[in-house]
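Here are a few short exercises to work through with the structure open beside you. Try each task before you read its solution.

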Number of protein chains: 2
Amino acid sequence: MRPTVHDIAAAAGVSLATVDRVLNQRPGVRLVTREKVEAAIREIGYIRDVAAANLAKGRVYPLVFIVPTGDNSFMHGLRSEVHHATLRASIERTDIRIVEVPPFDVPALVSALDAVQGQDIAGVALVATDAPEVRAAVGRLVSQRVPVVTLVSDLTDSARHHYAGIDNIAAGRTAARLLGRFLGGRQGEITVLAGSMLVRDHRERLQGFSDVMAEEFPKLHLRPVLEGRDDPDLARSLVSKALSESRDIIGIYNLGAGNRGLIAALKAVRPERELTVVVHELTQHTRAALVEGTIDAVLNQDAGHEVRSAIRVMKATADGQAVIADQERIRLDIFLKDNLP
Amino acid sequence: MRPTVHDIAAAAGVSLATVDRVLNQRPGVRLVTREKVEAAIREIGYIRDVAAANLAKGRVYPLVFIVPTGDNSFMHGLRSEVHHATLRASIERTDIRIVEVPPFDVPALVSALDAVQGQDIAGVALVATDAPEVRAAVGRLVSQRVPVVTLVSDLTDSARHHYAGIDNIAAGRTAARLLGRFLGGRQGEITVLAGSMLVRDHRERLQGFSDVMAEEFPKLHLRPVLEGRDDPDLARSLVSKALSESRDIIGIYNLGAGNRGLIAALKAVRPERELTVVVHELTQHTRAALVEGTIDAVLNQDAGHEVRSAIRVMKATADGQAVIADQERIRLDIFLKDNLP
DNA sequence: AAATTTCTGATTTACGTACATCAGAAATGG
DNA sequence: CCATTTCTGATGTACGTAAATCAGAAATTT
């Protein structure tokens, strides 16, 4: 049977109250007594029963999720996952508030972050726009002992406690290798479509992609990056224009959102032009395009996993507990038409 | 505030004891009263506090894991993950016993299964060898109301409650497409190395692989399957022999274990022969081979996820609770040298 | 209508922890 | 050595549920 506080008390020769004071770091215990209790805890291998402790505490975790508005499928999915998390609120003892801010809008994000201060909040998760002002606002929160987790996109050199998202450099590298290998030694041009170079995840994907392309696929030439601002309509016109400008384009990598527009542009030139295409984010549109062969591979991050991981990390940080890094690693999913879930 | 049993009792106009009888399906409640209580439960949206319930019950789950012996890295990793699970036993209220049986040994597996009967066991997880005798033994357990979960390899048409493993047909298809695309339209022969056609996962991988090869890559010709019995030494000699027999081999798919032997065979012909290689299971050997370019892609199933999922499912089944299928889906990981964890 | 069976209510204890209160012991100061 | 402060023990309540007991009400049978 698993040891309890009573066993510690008996082993250390003190009362339950004293054990409780030591365990919960309350004052009123002499140093020698404290050490005696701590030794007993180690010796008999006591582990706190978290379930019983939470029950006794009646603890709830008020959490804030700051996510961008915008109608692309990924952010829609992300918001929906956060919403799903609110449905589990009573079970997980969370109380989640969703704050929506316009995408790539630094002042809006900063004021959303500052609004959290002073309130009794157990953690903040945000999709970071990588700017000094945001970094400063996160720093203010962290210095107030509020756990902060970046979600999907990280914040350079910031004090955030954790990043719940994929390794975007690795994602870009993986995309480059898939595209390069799928093109099997052919020569030609590659077009990269991004959302905005303001967000770190897009910059990192591009960097990883460019690195591998340069290192390993010298026959493939990268055209200037198209910035589609994660907007389907803009993406469509940019890609269509590029395709009509150059007949040498044989590969496309969309490292941002706006896949709907890209797919439309691809279908418009479909039978004549033969293009190998790698994109990010599995949505109903990319899934259909993958099945019918319009695109060749989809790299995906599971928004549900990211949200659940962020919640676990915020709760653990709020309780001063360590997070199990390995368990919180967000994996990069690679989908071909054969392994769709 | 979340409703409790007291709230149900008040709402239904009955006592706590009656609510308890309804909730725990104990006898001694008239039909009309039972319906009244159930209506109240639905109306106020009561959700059982599982933590409190487990605390009150002091429930422990005695589980049995039946895993093959054998020194290949994957099974070693699987056993180690089960062992890790035993370390979490006190937290998760499990009591895990590991039973090792020789691989591909049907009678041994059957007697291990039958040994469980009569004991007070909350669930059995097994790496199935796909044979009628095993199916019958699983059927016997299930009819005794013991939750049974297959792990890694499934059992055809059996009564097992759940399968904790990847979709192996999809895995085979994915391997075929990766290999086919990486070979970029070249013509040649493909060698497939398997462990044993006695286990369903290997059969299914081969089937998926063959299907896609036939459908989509007519220029690639499949040689007869090599059965390496998941043994590195045997794998090495089989592959070496095949490579010396035919100079037309340009691709290899190892759908089983024994990667150490395969890698050794590849290195022996390394500078001259140019081979595209896809294998299963990320181990220290395959990881190193991937990094140095001896192999091109690794398909992986995360043994840790599988074990944890199996435990969750057995506990839920033992409690008569539904499992969330989506959460228990085991993903197929695709690793290139760029996205290694 | 009495006897019996079946249901229901009231009450209590327990699970392991948190937290508060109060009395008394030990240590410290003068 | 007394007064004060600081520490410790004893005790009780609470969290939400499970489970047991016993008395009494209601339904059923005779």
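**Exercise 1. Work out how much area is buried between chain B and chain A, and which three residues of chain B supply the most of its share.**

Solution. Start with the total: chain B and chain A bury about 3000 Å² between them, and carbon and sulfur atoms give 52% of that. Next, look at the chain B side: B:Arg181, B:Arg331 and B:Asp338 supply 24% of the area that chain B buries against chain A, more than any other three residues. Then count who takes part: the contact uses 32 residues from chain B and 32 residues from chain A. Keep in mind that this is a predicted model.

**Exercise 2. Find the salt bridges and polar contacts across the interface of chain B and chain A, and say which elements of chain B touch chain A.**

Solution. Step one is the charged pairs. Counting a Lys or Arg side-chain nitrogen within 4 Å of an Asp or Glu carboxyl oxygen, you get 10 salt bridges across the interface. For a concrete case, zoom in on A:Arg181 and B:Asp296, whose side chains form a salt bridge at 2.7 Å, N to O.

Step two is polar contacts: 14 residue pairs make them across this interface, with both residues at pLDDT 80 or more. Step three is the elements. On chain B, helix 4 (50-57), helix 6 (89-92), helix 9 (168-182), helix 10 (200-216) and strand 12 (333-335) each put at least two residues on the side that touches chain A. Helix 9 of chain B gives the most, with seven residues. Sorted by class, that side of chain B has 13 nonpolar, five polar and 14 charged residues.

**Exercise 3. What rotation and shift superpose chain B on chain A?**

Solution. Superposing chain B on chain A takes a rotation of 179° with 0.1 Å of shift along its axis, at an RMSD of 0.3 Å. So the relation is that of a two-fold axis. Now check the contact residues: 100% of those in chain B recur in chain A, so the same surface serves both copies.

**Exercise 4. Describe how the protein meets DNA strand C.**

Solution. First, list the neighbours: 28 residues surround DNA strand C, and the closest are A:Tyr46, B:Thr18, B:Val29, B:Arg30 and B:Thr33. Second, see what they meet on the strand: 71% of the DNA strand C atoms within 4 Å of the protein belong to sugar or phosphate, and the rest to bases.

Third, pick out some atom pairs. The side chain of A:Arg26 has an N or O atom 2.9 Å from a phosphate oxygen of DNA strand C. A polar backbone atom of A:Val5 is also 2.9 Å from a phosphate oxygen of this strand. For a base, go to A:Ala52, where a polar backbone atom is 3.3 Å from a base nitrogen. Finally, helix 4 of chain A gives the most to the surface near DNA strand C, with four residues.

**Exercise 5. Which residues come nearest to DNA strand D, and which helix gives the most to the surface near it?**

Solution. Of the 28 residues around DNA strand D, the nearest are A:Thr18, A:Val29, A:Arg30, A:Thr33 and B:Tyr46. Sugar and phosphate make up 71% of the DNA strand D atoms within 4 Å of the protein. Among the phosphate partners, B:Arg26 has a polar side-chain atom 2.9 Å from a phosphate oxygen, and B:Asn24 has a side-chain N or O atom 3.3 Å from one. As for the helix, helix 4 of chain B gives the most, with four residues. By class, the surface near DNA strand D has 11 nonpolar, eight polar and nine charged residues.

Key
Residues numbered from 1 in each chain as written. Chains lettered and ligands numbered in written order. Predicted model: local features only at pLDDT ≥ 70, side-chain atom pairs only at ≥ 80, totals over all residues. Heavy atoms only, no water. Contact = heavy atoms within 4.5 Å. Buried area = accessible area lost by both parts, 1.4 Å probe. Polar contact = N/O pair within 3.5 Å; in protein donor to acceptor, adjacent residues only side chain to side chain. Nonpolar A, V, L, I, M, F, W, Y, C, P; charged D, E, K, R; others polar. Least-squares fit on C-alpha atoms with pLDDT ≥ 70 in both. Near = heavy atom within 4 Å.
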